[in-house]
Amino acid sequence: MKRLLTTTIVSGVLAAAATVASAGEIAVIVKTTNSNFWQNVNKGASAAIENHSGHTMTFNGPASESAIADQVALVENAVNRGVAGIVLAPSDPEALAPVVKRAFESGIPVAIIDSGLAEGNEQYYQAFLSTDNCAAGQQAAAMMIDEAGTSGKVAVMSYVAGVGSEIGRVGCFVEHIEGNSDIEIVGPFYSQSQMATALNQTTDILAANDLVGIFGANEPTAIGMGRALEQSGKAGTITAIGFDGNADLQDMVKSGTLVATAVQGSFQMGELGVNAVAEILAGKSVDGFIDTGVVLVTQDNIDEPKAQNVLY
């Protein structure tokens, strides 16, 4: 989805609101505050707001990614208090759509980050900033085939079914594996973004299957997967690829538990998301889609600038 939008093109209502609310609070609302990934988004947003005089930034999110109703309530609260703009990482593509529509109808510009809204809601937000999750899944799958070979079983450890980022990331991983190898996919299994759940699931899967590879599709899932590999004594014997880049996952790459971890530009999501909203409020045009990128971090490149710029 590539589109160039301005506040004038989107809606006369939004354009008028942008003129009135040329300065004010930009509310950054993420899937959960209990994650280093989302705290890195906070760092990026905090850095960006320093460059936009007159604007302030708030950062909030529910206790867990599965607390979807709580996130809806946070967005509703932001709309009710009349924020100037919103940067939102929706936990559920369907559940968050009505409140984003309400923000639009209230003249509040919205930049969506990380995961998209359900199709048919594109007119209610002005920019989508994300890793190209399909491309990221394909990159991880290509590395899996290179490292594990073209046959055997590969388990897929996912997080929350139906989330926009999960659909692209895991779906395209599976499609690439199936289209380019004879590997049998085991799963996906859903941890609900709970590390302990992913650990227990992986432990059971390792006991029941002779795997050549395993893919952990987000931070808590990949950490739980890696710990299960270590506890089972199978670390380094199975091609394991994670996703995201906190200190635990970096240590697993360094130790060889993970062959690689695919790291998104989380800092950039916060930074560029706030910049996009501030530009809309200033009457400037923004790209409808902004790719925030991904880097496959390995033992060989973990100390290089391209990896250090995305790790957190």
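Visitor: How many bridges join strand β9 to strand β10, and do they run parallel or antiparallel?

Guide: A general idea helps here: the strands of a sheet pair through backbone hydrogen bonds, and the pairing is either parallel or antiparallel. In this predicted model, β9 (residues 211–216) and β10 (residues 239–243) run parallel, and 3 bridges join them. To find the pair on screen, look for I214, which stands opposite A240 in β10.

Visitor: What is the strand order in the sheet that holds this pair?

Guide: Reading across, the order is β8-β7-β9-β10-β11-β14, an open sheet of 6 strands with mixed pairing. At the edges you'll find β8 (184–190) and β14 (294–297), and each of them pairs on one side only. From one strand to the next, the twist averages 15 degrees.

Visitor: Which strands does helix α8 lie across?

Guide: Helix α8 (residues 195–208) lies across β7 (153–158), β8 and β9. Its direction is about 165 degrees from that of β7.

Visitor: Let me zoom in on T202. Which helix is it in, and is it buried or exposed?

Guide: T202 sits in helix α8. A residue counts as buried when its relative accessible area is under 20%; T202 comes out at 0%, so T202 is buried. Skip the residues up to four places away in sequence, and T202 touches M157, I214, M225 and A228. You've met I214 already, as the residue opposite A240.

Visitor: On to the sheet with parallel pairing. What is its strand order?

Guide: That open sheet of 6 strands goes β3-β2-β4-β5-β6-β13. β3 (56–60) and β13 (289–291) are at the edges with a single partner strand each, so one side of each has no neighbour in the sheet. Here the twist averages 15 degrees from one strand to the next.

Visitor: Over how many bridges do β4 and β5 pair?

Guide: Strand β4 (residues 85–88) pairs with strand β5 (residues 110–113) over 3 bridges, in the parallel sense. Look for L88, standing opposite I112 in β5. Helix α3 (residues 36–49) packs on this sheet, where it touches β2 (25–29), β3 and β5. The direction of α3 makes about 175 degrees with that of β3.

Visitor: And which residues of β5 lie on each side?

Guide: In a regular strand, side chains alternate between the two faces of the sheet. For β5, V110 and I112 are on one side, while A111 and I113 are on the other. Those residues are all buried, and both faces of β5 are covered.

Visitor: Which side chain makes a polar contact with that of S266?

Guide: The side chain of N40 does, at 2.9 Å. S266 is found in helix α11 (residues 266–281). S266 has a relative accessibility of 1%, so S266 counts as buried. Beyond its neighbours within four places in sequence, S266 is in contact with F37, N40, V41 and Y312.

Visitor: How should I read the spaces inside? How many cavities of 30 Å³ or more does a search of the whole structure find?

Guide: The search finds 1. The largest cavity has a volume of about 110 Å³. Its lining has 14 residues, and F37, W38, E65, N218 and D244 are the closest to the centre. Two or more lining residues come from each of α3, α7 (164–180) and α9.

Visitor: What about the second largest pocket: which helix gives the most to its lining?

Guide: That's helix α9 (residues 219–232), with 3 residues. About 190 Å³ of space lies in this pocket. Among the residues lining it are T32, N34, S35, E65, Q194 and M195, along with E219, P220 and I223. E65 is also one of the residues closest to the centre of the largest cavity.

Visitor: One last stop, G137. Where is it, and is it buried or exposed?

Guide: G137 belongs to helix α6 (residues 133–148). Its relative accessibility is 0%, so G137 counts as buried. Apart from neighbours within four places in sequence, G137 is in contact with R169, C172 and F173. To get a sense of distance, compare G137 with V274: they are 137 residues apart in sequence and 26 Å apart in space, C-alpha to C-alpha.

Note on methods. Residues numbered from 1 in each chain as written. Predicted model: local features only at pLDDT ≥ 70, side-chain atom pairs only at ≥ 80, totals over all residues. Heavy atoms only, no water. Pairing = 2+ DSSP bridges. Helix = DSSP H or I, 4+ residues; strand = E, 2+ residues; numbered from the N terminus. Axes fitted to C-alpha atoms, helices over the stretch in contact; angles between N-to-C directions. Contact = heavy atoms within 4.5 Å. Buried < 20%, exposed > 50% of the residue type's maximum accessible area, 1.4 Å probe, protein only. Polar contact = N/O pair within 3.5 Å; in protein donor to acceptor, adjacent residues only side chain to side chain. 1 Å grid on protein atoms, 1.4 Å probe; cavity = no way out; pocket = protein on both sides within 12 Å on 5 of 7 lines; lining within 4 Å. Points joined across faces, edges and corners; volume = space filled by probe spheres on them.
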